[in-house]
Amino acid sequence: MTRYANKTALITGGASGISLATARRFLGEGARVALAGPDRAPLDQAAADLGAEDRVLAVRADCTRLTDLDELIRRIDERFGRLDIVFTNSGGGGFKRSYEITEDEFDHMVDVSFKGVFFTIQKALPLIRGGTVVINASSALYRGLHLSPLHSATTAAVRSLAKTLAVDLADHGIRVNSVSPGFIDAAVRPVDTPTVEDVAIADAVAFLASAEASHITGQDLVVDGGLIGATAA
């Protein structure tokens, strides 16, 4: 399939798991891919394993640092000249009760899971010629998790951001949606062994970025294998 031929996708969140599975999916359908994350070595390894050197750009960028984001967008502009798809996959978990969380932990979670998402999209806008933004949220936003209050709250924030940006950027021809996976083991995995969950999210992102979803914006697509329904009671 080549439905993304001549299109460029930016994928944040590192070089493993969902980010890597999504990069593979877009490359397999003809896209050019910029893969961004905070650590240089795994990015270089992922780029080598993905192949397609003329269509892959790996950039070390901390999404919480606006200077890093400026450099990321500069590199994409220099290499590809445009963006058609932005998939923000930066975020974190953390398992502490609300009364155990320190101010530094609070600031870090909000920076990575909300601030970084917002400014990644903002900085990318000058390169987007119409196109699609997909934000990775979490099915946790639909549930109360007593061991992960910040994770649930910040994913609810980015879900709200997706709805708001869908309206705010509609006159730019940009669609904005979110995806909400269930439990994801975020540990670094061998590049050749994506999990079923990784691939399912990559499939969902590819759908939302496609012409088949051209009339879908401001929505959240839950891809959790039925987890919410099974635990609703």
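**View 1. Asn89, a buried residue in a loop.** In this predicted model, Asn89 is buried, since its relative accessible area of 14% is under the 20% cut-off. The residue sits in the loop that runs between strand S4 (83-88) and helix H4 (103-124). Its side chain makes a polar contact of 2.7 Å with the side chain of Ser19. Ser19 also turns up in the wider set of neighbours: setting aside residues within four places in sequence, Asn89 is in contact with Thr12, Gly13, Ile18, Ser19 and Asn136.

**View 2. Glu212 and Arg3, a salt bridge between distant parts of the chain.** Twelve salt bridges are found in the structure, and here we zoom in on the one formed by Glu212 and Arg3. The closest N and O atoms of this pair are 3.4 Å apart. The two partners are 209 residues apart, and the pair links distant parts of the chain. Glu212 belongs to the loop between helix H6 (196-208) and strand S7 (220-223), while Arg3 belongs to the segment before strand S1 (8-11). With a relative accessibility of 54%, Glu212 counts as exposed. Arg3, at 26%, counts as partly exposed.

**View 3. Arg25 and Glu29, a salt bridge with a buried acid.** Arg25 pairs up with Glu29 in a salt bridge whose closest N and O atoms are 2.6 Å apart. Which partner is buried here, and which is partly exposed? Glu29 is the buried one, because its relative accessible area is 3% and buried means under 20%. Arg25 has a relative accessibility of 25% and counts as partly exposed.

**View 4. Arg74 and Glu78, a salt bridge within helix H3.** Now for a pair inside one helix: Arg74 and Glu78 both lie in H3 (residues 66-79). They are four residues apart, which is about one turn of the helix. Their salt bridge has its closest N and O atoms 3.4 Å apart. Glu78 is exposed, with a relative accessible area of 57%, whereas Arg74 counts as partly exposed at 40%. Elsewhere, salt bridges that share partners tie Arg3, Arg25, Glu29, Asp203 and Glu212 into one network, so the pairs shown in Views 2 and 3 belong together through shared partners.

**View 5. The second largest pocket and its lining.** This pocket has a volume of about 200 Å³. Its lining is made up of 14 residues, and those closest to the centre are Lys7, Gly131, Thr132, Arg175 and Ala209. Which elements give two or more residues to the lining? They are S4 and strand S5 (128-136). S5 supplies the largest share, four residues. By type, the lining is a mixed bag, with four nonpolar, five polar and five charged residues.

**View 6. Asn6, a positive phi ahead of S1.** Asn6 is not a glycine, yet its phi is positive, near 70 degrees. This residue is part of the segment before S1. As for the surface, Asn6 counts as exposed because its relative accessibility of 65% is over 50%.

**View 7. Ala52, a positive phi in a loop.** Ala52 is another residue other than glycine with a positive phi, in this case near 50 degrees. Look for it in the loop between helix H2 (40-50) and strand S3 (56-60). Ala52 counts as partly exposed, with a relative accessibility of 28%.

**View 8. Tyr99, an exposed residue in the loop between S4 and H4.** Back in the loop between S4 and H4, we find Tyr99. This tyrosine is exposed, its relative accessible area being 61%. How many ångströms separate its C-alpha atom from that of Leu165? The separation is 32 Å, for two residues that are 66 residues apart along the chain.

**View 9. Ile216, in the loop between H6 and S7.** Ile216 is placed in the loop between H6 and S7. At 25% relative accessibility, this isoleucine counts as partly exposed. Beyond its neighbours within four places in sequence, Ile216 is in contact with Arg175, Asn177, Phe207 and Leu208. One of these, Arg175, is among the residues closest to the centre of the pocket in View 5. From Ile216 to Leu147 the C-alpha atoms are 33 Å apart in space, and the two are 69 residues apart in sequence.

Key
Residues numbered from 1 in each chain as written. Predicted model: local features only at pLDDT ≥ 70, side-chain atom pairs only at ≥ 80, totals over all residues. Heavy atoms only, no water. Buried < 20%, exposed > 50% of the residue type's maximum accessible area, 1.4 Å probe, protein only. Polar contact = N/O pair within 3.5 Å; in protein donor to acceptor, adjacent residues only side chain to side chain. Contact = heavy atoms within 4.5 Å. Salt bridge = Lys/Arg side-chain N within 4 Å of Asp/Glu carboxyl O. 1 Å grid on protein atoms, 1.4 Å probe; cavity = no way out; pocket = protein on both sides within 12 Å on 5 of 7 lines; lining within 4 Å. Points joined across faces, edges and corners; volume = space filled by probe spheres on them. Nonpolar A, V, L, I, M, F, W, Y, C, P; charged D, E, K, R; others polar.
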